[in-house]
Amino acid sequence: MTTDATITQGLRDRLAAPDAGADDLDTRILDAALAEFETYGLRRVSVEDVAKRAGVARTTIYRRFTNKEQLLQAVILRECRRFLTAIAEATEDLASPEDAVVEGFVVGLCNARTHPLMTRVLQSEPEAFLPQLSMNGGAVMLAARDILADRLRRARPGAAEDHDTVAEVLLRLAVSLLLIPGGGLALDDEHAIRAFARDYLTRLLPFSPPSGLAALHRR
């Protein structure tokens with residue numbers, strides 16, 4: 001029996017893995033669909049529109065994607081994979097968990113704010129954003145959380161901290177800043193976002209003194 005948890009884990013695994021199954025035609029179709037969604041939004045685009053832009057027959061798309069919703073999910077999955085890869089690369093081999101928190105937050109928020117599809121949806125169809133983000137039990141959020149939490153663990157191995165919770169709080173804060181811009185937090189550029197993350201978000205991590213200082217504290 002397939003459960004929601006199984007579906008969620010399956011999508012998380014697909015997000016974390018390279019898109020090895022896509023061929024040139026898949027890429028062509030997904031590129032065309034992405035361009036259509038970025039230009040016209042999610043609702044107005046039809047499979048026929050995508051077929052025209054891709055230069056293929058509509059039946060060719062239906063042989064690979066059952067309907068428009070499945071095509072949209074494939075586009076979102078690919079873009080999420082690129083988004084998660086950028087976070088993973090930005091936080092790779094950083095010297096401290098504080099650096100991982102700062103860089104992961106900066107790259108995630110800046111990339112989301114400047115992504116053409118994200119920008120288009122948030123401007124014209126904001127009500128469509130959360131359902132896509134929470135598809136299949138919030139697997140996109142969980143996959144992003146897992147990547148950042150893994151970086152925090154690697155930066156501070158052996159620490160008994162709840163890295164999953166810290167990572168998820170950071171992601172949920174980033175989503176709220178996307179959905180409700182403005183307010184009292186003037187995070188309008190990368191410098192301001194980085195300073196905010198360094199000054200406030202690193203406080204989510206319990207203090208762990210360097211090994212030399214730890215020895216002094218034990219005396």
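Q: Why is Arg 151 called buried or exposed in this predicted model?
A: Arg 151 has 11% relative accessibility. Buried means under 20% relative accessible area, exposed over 50%, and partly exposed in between (1.4 Å probe, protein chains only). Arg 151 therefore counts as buried.

Q: What makes Arg 151 and Glu 92 a salt bridge?
A: Their closest N and O atoms are 2.8 Å apart. A salt bridge is a side-chain nitrogen of Lys or Arg within 4 Å of a carboxyl oxygen of Asp or Glu. The pair therefore qualifies. Arg 151 lies in helix α9 (residues 135-155), and Glu 92 in the loop between α5 (68-90) and α6 (97-114), so the pair ties together parts 59 residues apart in sequence. Helices are DSSP runs (H or I, at least four residues), numbered from the N terminus.

Q: Why is Glu 92 called partly exposed?
A: Its relative accessible area is 32%. That value falls between the buried and exposed cut-offs, so Glu 92 is partly exposed.

Q: What rules apply to the model behind these values?
A: The model is predicted: local features need pLDDT of at least 70, side-chain atom pairs count only at pLDDT 80 or more, and totals for chains, interfaces and linings use all residues. Residues are numbered from 1 along each chain as its sequence is written, and side-chain values use heavy atoms, with hydrogens and water left out.

Q: What makes Asp 23 and Arg 64 a salt bridge?
A: The closest N and O atoms of Asp 23 and Arg 64 are 3.0 Å apart. That meets the salt-bridge definition. The pair links distant parts of the chain, 41 residues apart: Asp 23 is in the loop between α1 (4-16) and α2 (24-44), and Arg 64 is in helix α4 (residues 58-64).

Q: Where do Arg 154 and Asp 150 lie?
A: Both lie in helix α9, four residues apart, about one turn of the helix. They form a salt bridge, with the closest N and O atoms 3.0 Å apart.

Q: How many salt bridges does a search of the whole structure find?
A: The search finds 21.

Q: How many disulfides does the search find?
A: Zero. A disulfide is a pair of cysteine sulfur atoms within 2.5 Å.

Q: Why is Cys 80 called buried or exposed?
A: Cys 80 has a relative accessible area of 14%, so it is buried. Cys 110, at 18% relative accessibility, also counts as buried.

Q: Why is Ile 180 called buried or exposed?
A: Ile 180 has 63% relative accessibility, so it counts as exposed. Ile 180 is found in the loop between α10 (163-179) and α11 (190-199).

Note on methods: Helix = DSSP H or I, 4+ residues; strand = E, 2+ residues; numbered from the N terminus.
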